[in-house]
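These exercises go through the surroundings of a ligand, then the cavities, then two points of backbone geometry. Try each task on the structure before reading its solution.

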Amino acid sequence: MIDSSLKEIAAALRAKTVSAVELATESLARIEAGNPKINAFVTVDRDGALAAAKAADARLAASHGGPLTGIPLAHKDVFCTEGVLTTCGSKMLSNFVSPYDAHVVTLLKAAGAVMVGKTNMDEFAMGSSNENSHFGPTRNPWNTDKVPGGSSGGSAAAVAARMVPIATGTDTGGSIRQPASLCGITGIKPTYGTVSRYGMIAYASSLDQGGAFGRSAEDCALMLSAMNGHDPRDSTSLERDTEDYTADLARPLAGLRIGLPTEFFADGMSDDVRAAVEAALAEYRKLGAVTVDVSLPNARLAIPAYYVIAPAEASSNLSRFDGVRYGHRAAEYGDLNDMYCKSRAQGFGAEVKRRILVGTYVLSHGYYDAYYIKAQKLRRLIAQDFAAAFAQCDVIAGPTCPTVAFGIGEKSNDPVQMYLGDIYTVAVNLAGLPALAHPAGFGAGGMPVGLQLIGNYFGEARLLGVAHQFQQNTDWHARKPAV
Ligand code: GLN
């Protein structure tokens, strides 16, 4: 049943052909069987899941509840969950139990979704491959020698391996779209400010945004509809009414203008990714869409701008992990300063330290104007490029990642190579736009390829509708790995 669409599961729950407790039990069994290989979960909350499922069954029996009531889900371990470990993939927080729920967790609880556990991730969401976790890498369910993508790789792998139908993720520079693409599922990062960051452990606050993973655009639409809305506890939460992202699912594609940025289709993507992307675009044309060439002339500056701004914000955000207010404290130390130094040296992994060093450097007196301010100016230019492009098209399409999933360990000694893998995703975060990735075929070694669709501000419903129409006419999203 876990492999069915949310709509089918919801109907079955109401027809009483399955109960929420049975669904949770099935999900837990799939995790138990698959997790030793995939390492998608850091924590499994069996008792909590069964109790929540019982409560969901009671709601359903009273004819209450909505489309997510009784649906098993997993949270990326960046979201604080009251009473359940929240590690953020780090030794620093390896024993942290949050006293409160993140806003997104509260909303999904209220919707009746049943949390089965917390998923593995790159430490503090820094990474593109999920190899930076203190708890070991997550493996791609399509080939366990390959990465699942990061940083929300645990969530994407859990959905791809049919351990849960839906999961949360966060996307600072691609961390929902990349793993969705590399694991052959659908994932959406909404417009900055639509999903509350309260209780979502901060990496780079002006870029971080929570979002949804599902096997289809329709499932993501149902999930994201329950996650968005104004939250006064997040100062960057937009004062908008909660939106129903299923509104455009039935809208036909006839006349849709898909912009193709010349810069995205120049050299850079591998031949197999290009072939799948082109085939998906041909399918869109067949369904009535027209493609137009657009230009994002500053897109090539997105990586350097992002890798100044994100570490700058991270260096500030991560200063709170000092062994006093939060986190790991060294067992032995001399004075107070030595305690800070040792605790942080022991608690953070190599990539996190690299980002803190880079961030501290670019914010330091003398370099602030040359790097940080310059990057902010580039950020503005990148956003203006998108604004100009959206005058000519309704959505923008392109690859999500330059290649299919690479081998575990293949790039881990070359951080710059790893950063370059974010070439198609980070500009979206710098501009604060919504974007999704959906399955679009397979490339080398039978590994999935995802197409990226970028929308204008608040274009989530349209984006999900476009992907849904594609999925009504193709079956890439229905293919599943043999795990
Ligand atoms: N790969 C990017 C980084 O390492 C993006 C990560 C993310 O979106 N959380 O910063």
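**Exercise 1.** Find the backbone atom that pairs with an oxygen atom of the ligand, then the side chains that make polar contacts with the ligand.

*Solution.* Start with the backbone: an N or O atom of Gly-173 is 2.6 Å from an oxygen atom of the ligand, and a polar contact is a pair of N or O atoms within 3.5 Å. Next, take the side chains. An N or O atom in the side chain of Tyr-306 lies 2.7 Å from an oxygen atom of the ligand. For Ser-128, a side-chain N or O atom is 2.8 Å from a nitrogen atom of the ligand. Last, check the cover: the ligand has 290 Å² of accessible area on its own, and the protein covers 100% of this area (Shrake-Rupley method, 1.4 Å probe).

The model is predicted: local features need pLDDT of at least 70 and side-chain atom pairs count only at pLDDT 80 or more, while totals for chains, interfaces and linings use all residues. Residues are numbered from 1 along each chain as its sequence is written, and side-chain values use heavy atoms, with hydrogens and water left out.

**Exercise 2.** State how many residues surround the ligand, and sort them by class.

*Solution.* First, count the residues with a heavy atom within 4 Å of the ligand: there are 15, and the closest are Thr-172, Gly-173, Ser-175, Tyr-203 and Tyr-306. Then sort the shell, which gives 5 nonpolar, 7 polar and 3 charged residues. In this sorting Gly counts as polar and Tyr as nonpolar.

**Exercise 3.** Which cavity does the ligand take up, and what lines the largest cavity?

*Solution.* Begin with the search of the whole structure, which finds 3 cavities of 30 Å³ or more. A cavity is a set of points on a 1 Å grid over the protein atoms alone where a 1.4 Å probe fits but cannot get out; its lining residues have an atom within 4 Å of a point. The largest cavity has a volume of about 100 Å³. Its lining includes Ser-128, Gln-178, Lys-411 and Asp-422. Two or more lining residues come from each of α6 (177-183) and α14 (415-420).

Now turn to the ligand: its space is the second largest cavity, with a volume of about 70 Å³. Of the 14 residues lining this second cavity, Ala-125, Gly-127, Ser-175, Tyr-306 and Asp-422 are the closest to its centre.

**Exercise 4.** Where is the cis peptide bond, and which residue has a positive phi although it is not a glycine?

*Solution.* The bond from Gly-150 to Ser-151 is cis, with omega near 0 degrees. Ser-151 belongs to the loop between β3 (114-119) and α5 (153-160). Asn-130 has the positive phi, about 70 degrees, and lies in the loop between β3 and α5.

Key
A polar contact is a pair of N or O atoms within 3.5 Å; within protein, one must be able to donate a hydrogen and the other to accept it, and residues adjacent in sequence count only if both atoms are side-chain atoms. On a 1 Å grid over the protein atoms alone, a cavity is a set of points where a 1.4 Å probe fits but cannot get out, and a pocket is an open set with protein on both sides within 12 Å along at least five of seven lines; lining residues have an atom within 4 Å of a point. A molecule sits in a cavity or pocket if more than half of its atoms lie within 2 Å of its grid points. Grid points are joined across faces, edges and corners, and a volume is the space filled by probe spheres set on the points. Helices (H or I, at least four residues) and strands (E, at least two) are DSSP runs, numbered from the N terminus.
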